[in-house]
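User: Hi! I'm new to reading structures and would like to understand how the labels get chosen. Could we go through some together?

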Amino acid sequence: MSMSLPYLHGPVMDFSYVGIDAILEQMRRKAMKQGFELNIMVVGQSGLGKSTLMNTLFKSKVSRKSVLATAQEKIPKTIEIKSISHDIEEKGVRMKLTVIDTPGFGDQINNENCWQPIMKFINDQYEAYLQEEININRKKRIPDSRVHCCIYFIPPTGHCLRPLDVEFMRRLSKVVNIVPVIAKADTLTLEERDFFKKKIREELRANGIDVYPQKEFDEDAEDRMINEKIREMIPFAVVGSDQEYQVNGRRLLGRKTKWGTIEVENIAHCEFAYLRDLLIRTHMQNIKDITSSIHYEMYRVRRLNENNTVVAHANGIPEHHLVAHEM
């Protein structure tokens, strides 16, 4: 009589299993070793809470003002572009975060063409990346200083966009992912806030301004469904605060008023949590992918076509013999 002892048998093997899914773990390990990079630009006139919002987003002092605080910062006469980088780590995941600030934007009497230095800075980062890429001896990993996202701060007027807002977003949305936010939204009533958001969405459509997430870059029906919900919420009405308060035994970030505490991460109070989720928890990789495969690619094609034209002219080839490979 033969006996079958359970402990003599190993685990039941699935003979159809190949192990392709193990690539995900390999990719995860490689990504954890390399770490991640994220470059965020903040644009808006002074006093709209840009530094506070960045500190709130990353729950640490990451803004330029927090690190390089001066007694009383004067508004510069021209737009200055200043970057500051931080190495952030959470649960073993390392990220190099660069915050790019634009002091002086929108603070002059004449703000005509004040978008130009910002456009130049964004294109300069694309150019630096392109030059690294076309080197014969390329670096194994090209340093990425390209601006992945621009958070544009709209003053909480409650009426409509200013010509400056329209002009900036119309021009810059072609070269960078723009996420518009209504700054200091606690100065508006809920009715004013909803009216203002609706008005801004109408003006963006009327001026052909495509902010992130852009409809044309939705990859599939599932993407479209998720992104449509975000598009219906834009611009996010946000409140920033790096002050902690005790409310009903809970510690939370908020702004204390005579009437109570505005809880920054409470979606019933403001839309900060939606902005944080978009930038960090759900769409960070997509924001970087669109920067690389759309915005940078358009710049790269244009620059290489320009170079081909210059070389051809130097060699005496007529322009109509050139074949331009446009996107």
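User: What makes E202 and K198 a salt bridge?

Analyst: Remember first that this is a predicted model. The closest N and O atoms of E202 and K198 are 3.3 Å apart. A salt bridge needs a Lys or Arg side-chain nitrogen within 4 Å of a carboxyl oxygen of Asp or Glu, so this pair counts as one. The two residues are four apart in helix α6, so about one helical turn separates them.

User: Why is E202 called partly exposed?

Analyst: Its relative accessible area is 35%. Buried means under 20% and exposed means over 50%, so E202, at 35%, falls in between.

User: Which residues are joined into one network by salt bridges that share partners?

Analyst: Those are K59, E265, R276, D277 and R281. In the whole structure, the search finds 27 salt bridges.

User: How do you know that R255 and D186 pair up, and what does the pair tie together?

Analyst: Their side chains meet at 3.0 Å, N to O, and the cut-off is 4 Å, so the salt bridge label fits. R255 lies in strand β8, while D186 sits in the loop between β5 and α6, so the pair ties together parts that are 69 residues apart in sequence. R255 is partly exposed at 39% relative accessibility, and D186 is partly exposed too, at 28%.

User: Is the salt bridge partner pair R146 and D144 buried or exposed?

Analyst: R146 and D144 are both buried. Their closest N and O atoms are 2.8 Å apart, which is within 4 Å, so they count as a salt bridge.

User: Why does L24 count as exposed?

Analyst: L24 has 59% relative accessibility, and exposed means over 50%, so the label follows. L24 lies in helix α1. Together with V18, I20, I23 and M27, L24 makes a nonpolar surface patch of about 570 Å².

User: How much space lies in the largest pocket, and what lines the pocket?

Analyst: The largest pocket holds about 620 Å³ of space. Its lining has 17 residues, and the closest to the centre are F58, E90, M95, I280 and M284. The elements that give two or more residues to this lining are α2, β2, β3, α8 and α9. Helix α8 gives the most, with four residues.

User: What makes up the lining by residue type?

Analyst: The lining of the largest pocket divides into eight nonpolar, three polar and six charged residues.

Technical notes:
Residues numbered from 1 in each chain as written. Predicted model: local features only at pLDDT ≥ 70, side-chain atom pairs only at ≥ 80, totals over all residues. Heavy atoms only, no water. Patch = residues over 30% accessible without salt bridge, like charges linked within 9 Å, V, L, I, M, F, W, Y side chains within 5 Å. Areas by Shrake-Rupley, 256 points an atom, 1.4 Å probe, with all protein chains shown as cover. Buried < 20%, exposed > 50% of the residue type's maximum accessible area, 1.4 Å probe, protein only. 1 Å grid on protein atoms, 1.4 Å probe; cavity = no way out; pocket = protein on both sides within 12 Å on 5 of 7 lines; lining within 4 Å. Points joined across faces, edges and corners; volume = space filled by probe spheres on them. Nonpolar A, V, L, I, M, F, W, Y, C, P; charged D, E, K, R; others polar.
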